[in-house]
Amino acid sequence: MELEKQRSKKDDDLATNGSGGTEEEEVSVERIFEASHEVPPSWQHQLTFRALIVSFILAILFTFVVMKLNLTTGIIPSLNISAGLLGFFFVKTWTKILNKAGVLKQPFTRQENTVIQTCVVASSGIAFSGGFGSYLFGMSDVVAKQSAEANTAMNIKNPHLGWMIGFLFVVSFLGLFSVVPLRKIMIVDFKLTYPSGTATAHLINSFHTPQGAKLAKKQVRALGKFFSFSFLWGFFQWFFTSGDDCGFANFPTFGLKAYENKFYFDFSATYVGVGMICPYLINVSLLIGSILSWGVMWPLIGNQKGNWYSAELKPSSLHGLQGYKVFIAIAMILGDGLYNFIKVLGRTIFGLYKQFKNKDVLPVNDRSSPNIVKISYDDKRRTELFLKDRIPSWFAVTGYLVLAIVSIVTVPHIFHQLKWYHILTMYIVAPVLAFCNAYGCGLTDWSLASTYGKLAIFTIGAWAGAANGGVLAGLAACGVMMNIVSTASDLMQDFKTGYMTLASPRSMFLSQAIGTAMGCVISPCVFWLFYKAFPDFGQVGTAYPAPYALVYRNMSILGVEGFSALPKHCLMLCYIFFAAAVIVNGVRDAVGPKWARFIPLPMAMAIPFYIGGYFTIDMCVGSLILFIWRKLNKPKADAYSSAVASGLICGEGIWTLPSSILALAGVKPPICMKFLSSSTNMKVDSFLSPS
């Protein structure tokens, strides 16, 4: 699984404990709602106008947040808690005002809340699967100039709103249709857990009980306070950033030598919040990775300058030290991805084998079967409503075929290097891969969308060939494959949430489709704002380096041109770290959960290899805050930590909108706060005030 989309176990903690207790099997959730005279509305009344308006507003907010994270480090925590919480707050406020005015026609239900959460997460998810920080921006000349190879016009396509929106519209919906016929098998028959979807359902259910509603109001208040603090902190920092390397973000916390090696606290409220959401192991793994790379390896390799690589090279050249940073990180990511791909695929095949061998399915339609399993009242009630509003299989198959034909005809006009037969081949195997990803996600909560995307990079890129723009073809193929398998697993997670909140599958499907359509427009527009507002956008060492864009482009170059791009001894180091990633993952699985929590994650360790360790300090500060808070008051920390973290993330994330507008308008900050060594400061003083 790619770390960017890893969700936090603390989401489950909040979902189960956030309402002041645990949801045990013997407590019937549906009897509680039945006692309050809840009647689930029809699927048409779950998709309300107010739900779509709130979804649109929140989609813009979360897209800015995800885009900023995508373009800075690529680490994106689960934002399901925030989406559900803010959706509840906005519509609850809306209905409260209408109720006081005496014009409320429809009360706010948990089904409507589920629709909002689904729509928002689907929309903001396009900011990730759309590749704005990876494969799509990796096609640009900004990224191509940072690579010595394959930077000809045939392998470059610069971002433009028109083709980006068109491309996303023709590839983002196929995943929705690919797994719709399997919803009953996955949710009812196989009874897959889908931990993210289950946790979100528990959370939404708790909001709509009297006790949960009170807690939700307090959580929203906490989120609002820290949102305001984070936004104002971002605004305050802006005044000191009028030049390069200026401001609090470049504060040499541990000294100038550590600052040169990317070790410093950059006062980012966003990544302190991300650190509070991500599990401790991920944050510690990131820190270990940054110490290993920037504290040990890069200084040692840097000492070989003039021996292993030319001393005349620019710092950004991939034939120099930068090449070791990028390609060793790629080796670790591929090693981790390959191991987890094989593991999850094996678990998927074994799970299917056991299901069919033991006939461990729930015979919902065949009441005469002798293998009827005794089920709880909740499952009986949920299954009854889940199967009530069917989505016909012919609709799903027809939709997939029509969209596939449109895509096969359209995409080659957007990317001439990608031929119709490349796309046809991907669409033939895509439903199988989408099923594997959705099933594996139901078992493990791990989406391997980016791993399937990398598989497409190597296979299609090599098939197209270097002479025919294989690098660009590989990146475009990555986008096609990633969007299909990502939306398929997301939809199945939403079906699980809908199953547990009695939301209709039809309203779930439509809200996912509407959210995807919103994302196909909102995400390119937000990216375009970043792209146009900041002249140094995408450059290493800037505010928005888009680190994964260069990583994905170089994966495509490796797939097409082989290892000719690697500097001396880099290939050997890549083999070592690839093998190390596989071995460490194997050891983690072999020793079991008890000891695995003390062994770092290779994927997390790889991220700072290229980017630097500054953000890992922020995230470890977030972990430390949460750790101390839990020691002082664990119930309160479990109830409010996700809301506080979301406020920190969203506030500074939203500040990027006015800062981008100011940059476009040519308004520059008035002050540059820079830190110099005493010797450099003396030289500056003597230059400014010659005696």
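## A guided tour, starting at helix H24

Select Tyr-575, Ile-583 and Ala-590: these residues of H24 are exposed, on the other side of the helix from its buried residues. You are looking at a predicted model, so please read it as one.

Now colour the buried residues of H24, which are Cys-570, Leu-573, Cys-574, Phe-577, Ala-581, Asn-585 and Arg-588. They lie on the same side of H24, because they cover an arc of only 105° around the axis. There is a general reason to expect such a pattern: an α-helix has 3.6 residues a turn, so residues three or four places apart point the same way.

Next, show all of H24, residues 570-591. How far apart are its end C-alpha atoms? They are 31 Å apart, which agrees with the 32 Å that 22 residues should span at 1.5 Å a residue. Step just past the helix and pick Gly-592, which takes a positive phi of about 90°.

Before leaving, zoom in on two cysteines of this helix. The cysteine sulfur closest to that of Cys-574 belongs to Cys-570, but at 4.0 Å it is too far for a bond. Cys-574 itself is buried, with a relative accessible area of 9%.

**On to the disulfide**

How many disulfides does a search of the whole structure find? It finds one. Select Cys-246 and Cys-672 to see it, with the sulfur atoms 1.8 Å apart. The pair ties together parts that are 426 residues apart in sequence, because Cys-246 lies in the loop between helix H12 (210-238) and helix H13 (256-260), while Cys-672 lies in the loop between helix H27 (614-664) and helix H28 (678-688). Turn the view to look at the S-S bond: its torsion is about -60°, so the disulfide is left-handed. Cys-246 is buried at 4% relative accessible area, whereas Cys-672 counts as partly exposed at 38%.

**Aromatic rings**

Across the whole structure there are 53 aromatic pairs. Try Phe-251 and Phe-267, an edge-to-face pair with 5.6 Å between centres and 80° between the planes. Phe-251 is in the loop between H12 and H13, and Phe-267 is in the loop between H13 and helix H14 (269-277), 16 residues apart. Phe-251 is partly exposed, at 28% relative accessible area, and Phe-267 is partly exposed too, at 24%.

Another edge-to-face pair to select is Phe-395 with Phe-509, at 6.1 Å centre to centre and 75° between the planes. Phe-395 belongs to helix H18 (residues 393-414) and Phe-509 to helix H22 (residues 505-533), so this pair ties together parts 114 residues apart in sequence. Is Phe-509 buried or exposed? Phe-509 counts as buried, at 6% relative accessibility, while Phe-395 is partly exposed at 34%.

For a wider view, select Trp-233, Phe-236, Phe-240, Phe-248, Phe-251, Phe-265, Phe-267 and Phe-675, which ring pairs link into a cluster.

**Charges over rings**

Move to Arg-110, which lies over the face of Phe-33, 3.8 Å from the ring centre. Then find Lys-157: its charged end sits over the ring of Trp-163, 5.3 Å from the centre.

**Last stop**

Finish at His-37, in the loop between helix H2 (29-35) and helix H3 (43-46). His-37 is exposed, with a relative accessible area of 69%. Draw a distance from its C-alpha atom to that of Asp-685: the two are separated by 77 Å and stand 648 residues apart along the chain.

Note on methods
Residues numbered from 1 in each chain as written. Predicted model: local features only at pLDDT ≥ 70, side-chain atom pairs only at ≥ 80, totals over all residues. Heavy atoms only, no water. Helix = DSSP H or I, 4+ residues; strand = E, 2+ residues; numbered from the N terminus. Expected span 1.5 Å × (residues − 1). Buried < 20%, exposed > 50% of the residue type's maximum accessible area, 1.4 Å probe, protein only. Arc of directions from axis to C-beta. Disulfide = S-S within 2.5 Å. Phe/Tyr/Trp six-rings, centres within 6.5 Å; stacked < 30°, edge-to-face > 60°. Lys NZ or Arg CZ within 6 Å of the ring centre and 35° of its normal.
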